[in-house]
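Notebook open, coffee at hand. Today I wanted to look up how the helices and strands of this model are put together.

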Amino acid sequence: MSTTPLLEARGLTKHFPIRGAGLFAAKKGDLRAVADVSIKLYPGKTFAVVGESGCGKTTLARMLALLHRPTGGELRFEGELMSPNKRRDINALRRNIQMIFQDPYSALNPRMTVSAIISEPLRIHRRTGRAERVAALMDAVGLASSLGNRYPHEFSGGQRQRIGIARALALEPRLVIADEPVSALDVSVQSQVLNLMQDLQDDLGMAYLLVSHDLAVVDHMADQVAVMYLGRVVESATSDDLFARPSHPYTRALMRAIPKPGGAKRTSSVGLGGEVPNPMDPPAGCPFHPRCPIAVDICRRERPALEPVAESGDSPLGHHRAACHLRGWS
């Protein structure tokens, strides 16, 4: 495996200004959607970002694709610093980083044919041989090229997501960001789309950033995992390490919700209650402590750093780390 990350984020931060009602209303504060997130994505691997709704995982994904400009931090692509203010760097990242969106119904222009949708990235980047490329892409995702003159409303949800995948692959990107790619699909279709994504990864060698709240999907797909809570990474590890030895109480609570065959849930000694705190006014100390069943006094006073778990080993994909004063507890 290459030791140079394909894409590296260092200290990425995103604040959204919140204003009162009215066109000229004064700023009321900042919504701190993502705070000081650092991750490394390697060629040909799948990196998953998981957490509850509102944890910042989609905002992080959109920053990596430069659909949101970071408030702070830096991005490096194959070791080279990329500026979100330079057109050359933006174009380079967008050629190499494409997205599969969550909702296959709203992600496709209803006034464009399938061929026009898939060829649009090729047209924007002035690629030739577009008709042949579109036919090849449709074949790759399991759609007949003869369907290219049809419109999105003539396809099922699973077929629409295949069209979205074909569009994402049009420029032969090095990294595809998949934002909840199967959450809007019927359960019977989800495995088909996930297996298609894995087959394409094996054939084309691209990396995935998978955004999901479903740890069963992550367990099936990911090589690396980062667990986010209130805009911060609270645990990161290889997928094998995370599922075998979850260290943060939030991760353990998420694991408890994964269904077992037969409809039962995995057992865990930790429950998860309460509501996610207001990101405009996060709690002092560990952001998870108001919901944590094992919090002690230091958790309320000091924010824990993301540090290696004592009993974990290392791998080419990095240390197992957790942001918990009691990391490694049993």
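I began with helix α3 (residues 114–124) and helix α4 (residues 130–140), which pack at an angle of about 120° with their axes 9 Å apart. With oblique beginning beyond the 65 to 115 range for roughly perpendicular, that makes α3 oblique to α4. I also noted that this crossing is right-handed. One reminder to myself: the model is a predicted one.

Next I asked which residues of α3 and α4 make the contact. On the α3 side I listed Val114, Ser115, Ile118, Ser119, Leu122 and Arg123. From α4 come Arg130, Arg133, Val134, Leu137 and Met138. Sorted by character, the contact residues give me six nonpolar, two polar and three charged.

Then I turned to the strands. I found four of them in an open sheet, in the order β2-β1-β4-β5, with antiparallel pairing. Why do β2 (27–41) and β5 (80–82) each have one side without a neighbour in the sheet? They stand at the edges and each has a single partner strand, so one side is left free of a neighbour there. Ignoring direction, neighbouring strands are turned by 30° against each other on average.

I looked at one pairing in more detail: strand β1 (residues 7–19) runs antiparallel to β2, and ten bridges join the two. Pro17 stands opposite Asp30 in β2.

Last, I checked what lies across the strands. Helix α1 (residues 57–64) lies across β1, β2 and β4 (72–77), at about 115° to β1. Helix α2 (residues 87–96) lies across β1, β4 and β5, and runs at about 105° to β5.

Key:
Residues numbered from 1 in each chain as written. Predicted model: local features only at pLDDT ≥ 70, side-chain atom pairs only at ≥ 80, totals over all residues. Heavy atoms only, no water. Axes fitted to C-alpha atoms, helices over the stretch in contact; angles between N-to-C directions. Helix = DSSP H or I, 4+ residues; strand = E, 2+ residues; numbered from the N terminus. Parallel < 35°, antiparallel > 145°, perpendicular 65-115°, else oblique. Left-handed = near helix turned anticlockwise from the far one by under 90°. Contact = heavy atoms within 4.5 Å. Nonpolar A, V, L, I, M, F, W, Y, C, P; charged D, E, K, R; others polar. Pairing = 2+ DSSP bridges.
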